[in-house]
Amino acid sequence: MFILLNGTLSAGKTSIAHTLRKQLADPTLIFSRDQFHQSLPAQFWEDAALRRLIGPPLFRQFHQSLLPFCTEEQNVIIDHVLNQAEWAPEIAGIFEGVDLYFIGVKCPIEITEERERSRDDRPNGLARSQIDVVHAHGAYDFTVDTSRLSAQRCAADIINHVRNNRPTAFHRLLA
């Protein structure tokens with residue numbers, strides 16, 4: 001089972017990813033954009049020109065690095081924020097031929113902002129700055145709303161969907 005969770009910061013993706021891992025019987029790997037961000041040097045974040053120069057190839061390499069983990073030996077969950085318009089089609093191309101489910105994790109902006117304010121690990125306003133582009137591609141296999149459902153219920157609904165449906169979202173993005 002290969003799942004990419006996409007939503008703004010503070011939408012609830014990480015909670016769902018860890019709950020999915022608990023609910024799945026097989027070994028499950030979680031790869032997070034947040035972990036990737038933490039591996040980058042401070043100068044990357046401090047220098048906008050540097051980010052523009054090396055950011056696109058760095059993120060392309062991050063996306064490409066996930067593909068070898070998608071084997072039948074384990075489940076893979078990717079916790080991501082696709083806040084660049086080119087990333088959804090890029091990932092669709094990289095994972096072409098892989099049954100990767102594209103799951104939208106949605107939450108009203110007022111609630112994500114409230115969650116942001118309650119955390120000390122990210123600046124306020126980040127979710128609002130991402131909301132328009134994160135879901136702009138319009139193609140998901142399934143969506144969950146974390147303002148209405150717990151992480152446990154979201155995970156159970158995702159598992160049910162994945163077990164009973166084939167992924168089509170990334171195929172549609174390539175068409």
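The accessible surface of the protein comes to about 9,100 Å². Carbon and sulfur atoms account for 50% of that surface. The model is predicted. Of its 175 residues, 46% count as buried.

**Overall build**

The protein has nine helices and five strands. In sequence order they follow the pattern β-α-β-α-α-α-β-α-β-α-α-β-α-α. The radius of gyration is 16 Å, close to the 16 Å that the globule rule gives for 175 residues, so the protein is as compact as a globular protein of that length. Along the principal axes, the C-alpha atoms fill a box of roughly 45 × 35 × 30 Å.

Contacts reach across the sequence. Take those between residues at least 6 apart: 79% of them join residues at least 24 apart. Charges are the next topic. The protein has 18 positive and 21 negative charges. The mean positions of these two sets are 3 Å apart.

**Aromatic pairs**

How many aromatic pairs does a search of the whole structure find? The search finds six. Two of them are set out here.

| Pair | Centre to centre | Angle between planes | Kind |
|---|---|---|---|
| Phe 36 and Phe 62 | 4.5 Å | 20 degrees | stacked |
| Phe 102 and Tyr 140 | 4.8 Å | 50 degrees | tilted |

Start with Phe 36 and Phe 62. Their planes are at 20 degrees, so the pair is stacked. Phe 36 sits in helix α2 (residues 33-39), and Phe 62 sits in helix α4 (residues 48-66). The two residues are 26 residues apart, and the pair links distant parts of the chain. Phe 36 and Phe 62 are both buried.

Now turn to Phe 102 and Tyr 140, the tilted pair. Phe 102 belongs to strand β4 (residues 100-106). Tyr 140 lies in the loop between α7 (126-134) and β5 (142-145). This pair also links distant parts of the chain, with its residues 38 apart. Phe 102 and Tyr 140 are both buried.

Ring pairs also build a cluster. Its members are Phe 36, Phe 59, Phe 62 and Trp 87.

**An enclosed helix**

Trp 87 leads to helix α5, since it is one of the buried residues of that helix. Helix α5 spans residues 87-94. Six of its eight residues are buried, so the helix is largely enclosed by the rest of the structure. Which residues of α5 are buried? They are Trp 87, Ala 88, Glu 90, Ile 91, Ala 92 and Ile 94.

Several elements help to cover these buried residues. Among them are the strands β1 (2-6), β3 (75-80) and β4. The helices α2, α4 and α9 (169-174) are also included. Helices α2 and α4 hold the stacked rings of Phe 36 and Phe 62. Strand β4 holds Phe 102 of the tilted pair.

**Two single residues**

Thr 19 is found in helix α1 (residues 13-23). Is Thr 19 buried or exposed? Its relative accessibility is 10%, so Thr 19 counts as buried; the cut-off for buried is under 20%. Set aside its neighbours within four places in sequence. Thr 19 is then in contact with Ala 151, Gln 152 and Ala 155.

Ser 10 lies in the loop between β1 and α1. Its phi is positive, about 70 degrees, although Ser 10 is not a glycine. Ser 10 has a relative accessible area of 6%, so it is buried.

Notes. Residues are numbered from 1 along each chain as its sequence is written. This is a predicted model: local features need pLDDT of at least 70, side-chain atom pairs count only at pLDDT 80 or more; totals for chains, interfaces and linings use all residues. Side-chain values use heavy atoms; hydrogens and water are left out. Helices (H or I, at least four residues) and strands (E, at least two) are DSSP runs, numbered from the N terminus. The radius of gyration is taken over C-alpha atoms; the globule rule is 2.2 Å times the number of residues to the power 0.38. Buried means under 20% relative accessible area, exposed over 50%, partly exposed in between (1.4 Å probe, protein chains only). Contact means heavy atoms within 4.5 Å. Accessible areas come from the Shrake-Rupley method with a 1.4 Å probe; for residues, only the protein chains shown count as cover. Lys and Arg count as positive and Asp and Glu as negative; His and the chain ends are not counted. The place of a charge is taken as NZ of Lys, CZ of Arg, CG of Asp or CD of Glu. Rings of Phe, Tyr and Trp (its six-membered ring) pair if their centres lie within 6.5 Å; planes under 30 degrees apart count as stacked, over 60 as edge-to-face and the rest as tilted.
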